[in-house]
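Good morning, and thank you for coming. I would like to take you through one structure, from its overall fold to its core and then to a single residue.

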Amino acid sequence: MGAKTVEEYASKQGEFEEVVLALAELVRKAAPKAEEAIKWAQPVWSQAGPFCYMKAFKKYVNFGFWRGAELDDPKGLLEGSGKKMRHVRVESVKDIPTAALKNFIKQAIKLNEAKGDPSR
């Protein structure tokens with residue numbers, strides 16, 4: 001059975017448990033009104049539709065945005081080549097670009113509020 005909470009998801013990520021928990025805390029502080037859930041077997045945060053997600057892999061955690069291609073990214077942190085989604089690859093807690101991610105989270109919520117649910 002899959003994880004039901006972000007903490008449960010984190011507990012199954014081995015060396016990346018701390019990264020997952022730190023990223024979740026960052027989202028909770030930056031977007032206190034957002035709904036937190038496990039969807040598509042990974043943590044997803046929604047406000048006027050999903051805006052960010054997290055997926056742990058063997059060597060890193062992807063922290064991604066539904067409307068990533070639309071986000072203002074002056075430092076070029078976002079990776080990906082699809083039409084919409086972009087992500088930041090995080091390998092350790094000290095590598096988390098906190099200020100940039102908070103900015104992306106706030107931008108993503110504003111885009112959802114202006115344009116509607118990006119998953120539809």
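Helices and strands here are DSSP runs, numbered from the N terminus, with at least four residues for a helix and at least two for a strand. Please keep in mind that this is a predicted model.

On that basis, the protein chain has three helices and five strands, and along the sequence they follow the pattern α-α-β-β-β-β-β-α. The radius of gyration is 13 Å, close to the 14 Å that the globule rule gives for 120 residues, so the chain is as compact as a globular protein of that length. Of the contacts between residues at least 6 apart in sequence, 53% join residues at least 24 apart. Buried residues account for 48% of the 120 residues.

Let me turn to the interior. In soluble globular proteins, nonpolar side chains tend to be buried together. In this model, the largest nonpolar core has 34 residues, and those with the most contacts inside it are L23, W45, F51, F63, F65, L101 and I105. At least two core residues come from each of α1, α2, β3, β4, β5 and α3. Leaving out residues up to four places away in sequence, F65 touches, among others, F51, L71, L78, M85, L101, F104, I105 and A108.

Finally, what of Q13, in the loop between α1 and α2? Its relative accessibility is 19%, and Q13 therefore counts as buried, the cut-off being under 20%. A polar atom of the Q13 side chain lies 3.0 Å from the backbone oxygen of Y9. Beyond its neighbours within four places in sequence, Q13 is in contact with V20 and A56.

How values were computed:
Residues numbered from 1 in each chain as written. Predicted model: local features only at pLDDT ≥ 70, side-chain atom pairs only at ≥ 80, totals over all residues. Heavy atoms only, no water. Core = buried A, V, L, I, M, F, W, Y, C linked by side-chain atoms within 4.5 Å. Buried < 20%, exposed > 50% of the residue type's maximum accessible area, 1.4 Å probe, protein only. Contact = heavy atoms within 4.5 Å. Polar contact = N/O pair within 3.5 Å; in protein donor to acceptor, adjacent residues only side chain to side chain. Rg over C-alpha atoms; globule rule 2.2 N^0.38 Å.
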